[in-house]
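The following account leads through the interior of a protein chain and then turns to its pockets. Please keep the sequence and the model in view while reading.

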Amino acid sequence: LKNPFSMSDLGGVHSNNGIGNKLIYLLTDGDTFNGETVAGLGEEAVGQLFYAALGELSASADYYDLYFALGSAANDLGVSFEDKLNIAAAARAVEIVPPALALLGLRDFRAVSAVDGDGQTAVALTWSNPAEEDLSNLTLLRNVGRFAQRIGEGTILPVPRGEDKYLDRAVEAGVEYYYTLIADVTQSFPQIAYARVVAGAP
């Protein structure tokens with residue numbers, strides 16, 4: 001994604017013109033691109049999503065504005081949590097997620113090998129949440145072998161809304177665990193963070 005504020009190519013009017021096309025292709029037909037696997041939602045659903053997003057965009061909107069408009073439209077249309085995760089994956093694939101989300105959203109997700117109060121191997125997880133008023137729900141998933149990309153792909157660990165730490169005691173020493181943390185944000189797409197650790201490693 002070229003800088004939309006540069007004067008080169010009038011802000012990327014030609015060099016960035018395939019981004020929207022690729023985004024719509026991923027969402028309608030599904031595919032894997034830039035390490036993100038996106039399930040196809042079909043032309044009708046994607047058409048409704050983009051039509052609803054149009055009202056959120058000004059004449060000077062850029063792709064970062066489109067990201068937020070799509071998130072708002074998905075909420076307005078009652079799109080399922082799974083489909084919002086899917087749309088967010090497509091946005092990550094075409095690199096239209098605003099960099100400011102890394103500073104203001106879900107961040108600093110860490111997994112560290114630990115020992116609980118009984119001397120048993122555990123994994124201590126910590127993170128920083130988005131603003132409390134924007135956070136609807138947290139989902140923490142544990143998996144072995146790879147990061148979970150969808151809710152059904154890992155073991156769900158109970159984390160109350162607004163919590164910023166978790167001690168996972170259901171681990172075995174020497175096993176590498178992959179954690180996925182999903183913050184359901186009320187006015188946009190869910191935000192995702194990843195961490196991994198070998199339990200019992202120094």
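**Cores, a buried aspartate and two pockets**

In this predicted model, the largest nonpolar core comprises 25 residues, and those that touch the most other members are Leu 23, Leu 27, Phe 50, Leu 70, Ile 96 and Phe 189. Several helices contribute to this core: at least two residues come from each of helix 2 (17-29), helix 3 (43-54), helix 4 (63-76) and helix 5 (81-93). Apart from this core there is another, made up of 21 residues, including Ala 111, Leu 157, Ala 183 and Ala 193. In soluble globular proteins, nonpolar side chains tend to be buried together.

Leu 27 offers a useful view of the surroundings of one core member. When neighbours within four places in sequence are set aside, Leu 27 is in contact with Val 38, Ala 39, Gly 40, Leu 41, Gly 42, Val 46 and Phe 50. The contacts of Leu 27 also include Asn 86, Ile 87 and Ala 90.

A charged residue deserves attention next. Asp 62 is located in the loop between helix 3 and helix 4. Is Asp 62 buried or exposed? Asp 62 counts as buried because its relative accessibility is 18%, and the limit for that class is under 20%. The side chain of Asp 62 reaches two backbone nitrogens: that of Tyr 64 at 3.0 Å, and that of Asp 65 at 2.9 Å.

The pockets complete the picture. The largest pocket holds about 250 Å³ of space. Its lining consists of 14 residues, of which Val 97, Leu 101, Leu 106, Gln 191 and Ile 192 are the closest to the centre. Helix 5, helix 6 (100-104) and strand 9 (191-198) are the elements that give two or more residues to this lining, and strand 9 gives the most, with three. By class, the lining of the largest pocket contains eleven nonpolar residues, one polar residue and two charged residues.

The second largest pocket has a volume of about 210 Å³. Of the 14 residues that line this second pocket, Phe 68, Leu 101, Leu 104, Asp 134 and Gln 191 lie nearest its centre. Leu 101 and Gln 191 thus appear among the residues named for both pockets. Which element gives the most to the lining of the second largest pocket? Helix 6 does, with three residues. The lining of the second largest pocket divides into eight nonpolar, five polar and one charged residue.

Conventions:
Residues are numbered from 1 along each chain as its sequence is written. This is a predicted model: local features need pLDDT of at least 70, side-chain atom pairs count only at pLDDT 80 or more; totals for chains, interfaces and linings use all residues. Side-chain values use heavy atoms; hydrogens and water are left out. A nonpolar core is a set of buried Ala, Val, Leu, Ile, Met, Phe, Trp, Tyr and Cys residues joined through side-chain atoms within 4.5 Å. Buried means under 20% relative accessible area, exposed over 50%, partly exposed in between (1.4 Å probe, protein chains only). Helices (H or I, at least four residues) and strands (E, at least two) are DSSP runs, numbered from the N terminus. Contact means heavy atoms within 4.5 Å. A polar contact is a pair of N or O atoms within 3.5 Å; within protein, one must be able to donate a hydrogen and the other to accept it, and residues adjacent in sequence count only if both atoms are side-chain atoms. On a 1 Å grid over the protein atoms alone, a cavity is a set of points where a 1.4 Å probe fits but cannot get out, and a pocket is an open set with protein on both sides within 12 Å along at least five of seven lines; lining residues have an atom within 4 Å of a point. Grid points are joined across faces, edges and corners, and a volume is the space filled by probe spheres set on the points. Ala, Val, Leu, Ile, Met, Phe, Trp, Tyr, Cys and Pro count as nonpolar, Asp, Glu, Lys and Arg as charged, and the others, Gly among them, as polar.
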